[in-house]
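Please examine the sequence and the structure shown below before reading on. The paragraphs that follow treat enclosed spaces and charged side chains in turn.

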Amino acid sequence: MSGRIRWKIIATLGAATLLVGAGALWLVGRGPRDLRELRAIRAQGIDLLEVVAAGSNPTAHAGKLEEWARQCVELNERHPNTAGGLGALWLAACWAPGTASGVRASRTLVESARTADLGQIVTGEERAYVRQEIAGPADLPAGIAAIPPAILERLRKQPDQTGGAEAATLVCVMTAKKRTAGAVPEFFDEAAQLITQHYVESPAIVNFCECVGFLGGSPPWAARYEPTVREILRKNRHRNIRCAASFAAIMILRKQDQVSQNQKRQVEAESLCEQFLKDFDGKTTADETGAWYGYRQIEEMDCRRVANELDEMRHRALGMPAPEIAGVDLHNRPMKLSDFRGRVVLLSFWATSCGPCMRMIPDERDLADRLRNKPFAIVGVNCDDDPQVAIKAEKTQQISWRSFRERGGKGRSISEQWKNEGLPTVYVIDDKGLIRNHWVGVPPEDSLTETIDRLVAAVR
């Protein structure tokens with residue numbers, strides 16, 4: 001699942017929480033004036049951005065976007081340092097960063113991060129629903145890049161201030177995806193340490209748990225925060241936090257499994273999965289206080305992923321025999337995975353509609369050429385609905401290896417049998433048919449080649 005989809009889900013759930021939590025007041029348009037104005041101007045912004053996106057000449061709408069951003073700034077001037085006013089600044093800074101008023105909004109927002117109530121800053125961001133703009137990109141919009149250090153400077157001096165946990169978590173959200181070549185992102189670590197020292201019992205740290213382990217897996221540096229996640233599980237009593245922290249612990253362990261192949265850690269991960277499915281069901285509609293449980297849909301997705309992880313550990317774990325695949329290739333010729341026994345196999349689930357899959361093909365092609373006379377083979381599982389599309393790609397991309405049709409007959413598809421979570425999915429299988437490594441998403445090139453070269457060299 002992509003980051004943008006994930007935050008869209010969270011924003012939708014957040015909107016539903018607001019509606020249910022405030023009851024009929026929201027439905028009839030009542031409530032604080034600043035928030036009513038924020039909802040109205042956000043709706044205008046959505047309409048305007050849709051018009052800009054649909055037009056053939058976006059610059060023709062530059063004046064309208066500038067006018068809208070100016071109205072956002074004026075909203076904050078009417079309601080300074082309120083959730084509605086600050087939310088309007090977030091909107092202009094993220095949706096109109098290239099306009100003069102968008103730049104002005106960014107500057108005002110950064111200054112507010114140094115002086116205003118931190119709880120209001122975070123609430124404004126949440127009510128503006130701009131999280132996909134600040135959590136999705138690898139780098140923050142330039143105008144608001146100074147917000148994380150401004151928040152951290154305040155929390156160093158006064159970690160117990162109102163909104164501290166929310167603000168530290170926001171820093172994690174804003175920095176988790178910065179380009180860092182595998183290192184912990186700048187400012188993330190300090191915010192995480194503040195959470196460890198001061199906020200592990202807070203109801204506001206769910207997004208921190210998601211930063212170190214969500215549906216897409218854990219980032220390479222997440223293992224550093226396993227002790228924090230476990231401390232959260234020991235002390236936090238909020239259902240959504242415990243769900244997110246439990247899931248993060250599983251994802252961190254599974255990421256380490258891919259690297260270390262440590263049997264003890266695999267057993268521990270299996271135990272955590274079993275416990276997760278006992279504690280969470282994705283069906284609960286009330287939280288620990290009896291209030292409406294807005295995290296239910298995400299918990300439900302987590303349950304499905306954990307069930308799949310548990311199934312994989314029991315049937316497709318590292319060191320276990322790869323399940324047989326029997327079907328036909330793209331040209332309708334019979335084909336079995338066991339046909340390649342005696343060779344190291346790179347089993348690659350792919351589709352032409354998957355951008356990362358297609359970007360992997362040149363590297364796979366180079367790998368196949370380099371190991372042409374070695375006991376090695378690439379075996380694809382093509383997941384396109386129309387095999388002719390994949391056959392065409394074989395020619396244009398110079399794909400020399402064979403691929404299974406994902407649906408070669410009746411019954412479940414190969415992806416369903418292997419419980420794949422997305423594309424690309426890659427397995428490395430040794431010459432004896434045992435699974436030696438597995439990645440969901442594009443594997444790190446050095447890890448992939450090191451694993452394959454080591455296994456090929458060991459073939460006798």
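How many cavities of 30 Å³ or more does the count come to? The model under discussion is a predicted one, and the count comes to two such cavities. Rolling a probe the size of a water molecule over the atoms shows where empty space is left.

The largest cavity holds about 80 Å³ of space. Its lining includes Ala322 together with Leu337, Ser338, Phe340, Arg341, Gly342, Arg343 and Val345. Further along the sequence, Ile429, Asp430, Asp431 and Gly433 also belong to this lining. Sorted by class, the residues around the largest cavity comprise five nonpolar, three polar and four charged.

The second largest cavity has a volume of about 30 Å³. Trp350, Cys357, Ile361, Glu364, Ile399 and Trp401 form its lining. Helix α17, which covers residues 355–370, gives the most to this lining, with three residues. By class, five of the lining residues of the second largest cavity are nonpolar, none is polar and one is charged.

The discussion now turns to charged side chains. Side chains of opposite charge can pair when their charged atoms come close. In this model the count of salt bridges comes to 34.

One of these salt bridges joins the side chains of Glu231 and Arg234, with a distance of 2.6 Å from N to O. Where do the two partners lie with respect to each other in helix α13? They are three residues apart in this helix, which spans residues 226–235, and so they are separated by about one helical turn. Glu231 counts as buried because its relative accessibility is 18%, under the limit of 20%. Arg234, by contrast, is exposed, with a relative accessible area of 53%.

Another pair within a helix is formed by Glu450 and Arg454, whose side chains meet in a salt bridge of 3.2 Å, N to O. Both residues belong to helix α20 (residues 445–458), and because they are four residues apart there, about one helical turn separates them. Glu450 is partly exposed, at a relative accessible area of 42%. Arg454 likewise counts as partly exposed, at 40% relative accessibility.

A further salt bridge connects Lys419 with Asp311, and the closest N and O atoms of this pair are 3.6 Å apart. This pair links distant parts of the chain, its members being 108 residues apart. Lys419 lies in the loop between α19 (414–418) and β6 (425–429), whereas Asp311 lies in helix α16 (residues 296–315). Lys419 counts as partly exposed at 26% relative accessibility, while Asp311 is buried, with a relative accessible area of 17%.

Salt bridges can also be followed from one residue to the next in this model. Arg254, Arg305, Glu309 and Glu312 are linked in a network of such bridges.

A last charged residue to consider is Glu125, which is found in helix α7 (residues 118–128). Is Glu125 buried or exposed? At 1% relative accessibility, Glu125 counts as buried. Which residues is Glu125 in contact with, leaving aside its neighbours within four places in sequence? They are Trp90, Val130, Arg131, Ile134 and Leu170.

Methods
Residues are numbered from 1 along each chain as its sequence is written. This is a predicted model: local features need pLDDT of at least 70, side-chain atom pairs count only at pLDDT 80 or more; totals for chains, interfaces and linings use all residues. Side-chain values use heavy atoms; hydrogens and water are left out. A salt bridge is a side-chain nitrogen of Lys or Arg within 4 Å of a carboxyl oxygen of Asp or Glu. Helices (H or I, at least four residues) and strands (E, at least two) are DSSP runs, numbered from the N terminus. Buried means under 20% relative accessible area, exposed over 50%, partly exposed in between (1.4 Å probe, protein chains only). Contact means heavy atoms within 4.5 Å. On a 1 Å grid over the protein atoms alone, a cavity is a set of points where a 1.4 Å probe fits but cannot get out, and a pocket is an open set with protein on both sides within 12 Å along at least five of seven lines; lining residues have an atom within 4 Å of a point. Grid points are joined across faces, edges and corners, and a volume is the space filled by probe spheres set on the points. Ala, Val, Leu, Ile, Met, Phe, Trp, Tyr, Cys and Pro count as nonpolar, Asp, Glu, Lys and Arg as charged, and the others, Gly among them, as polar.
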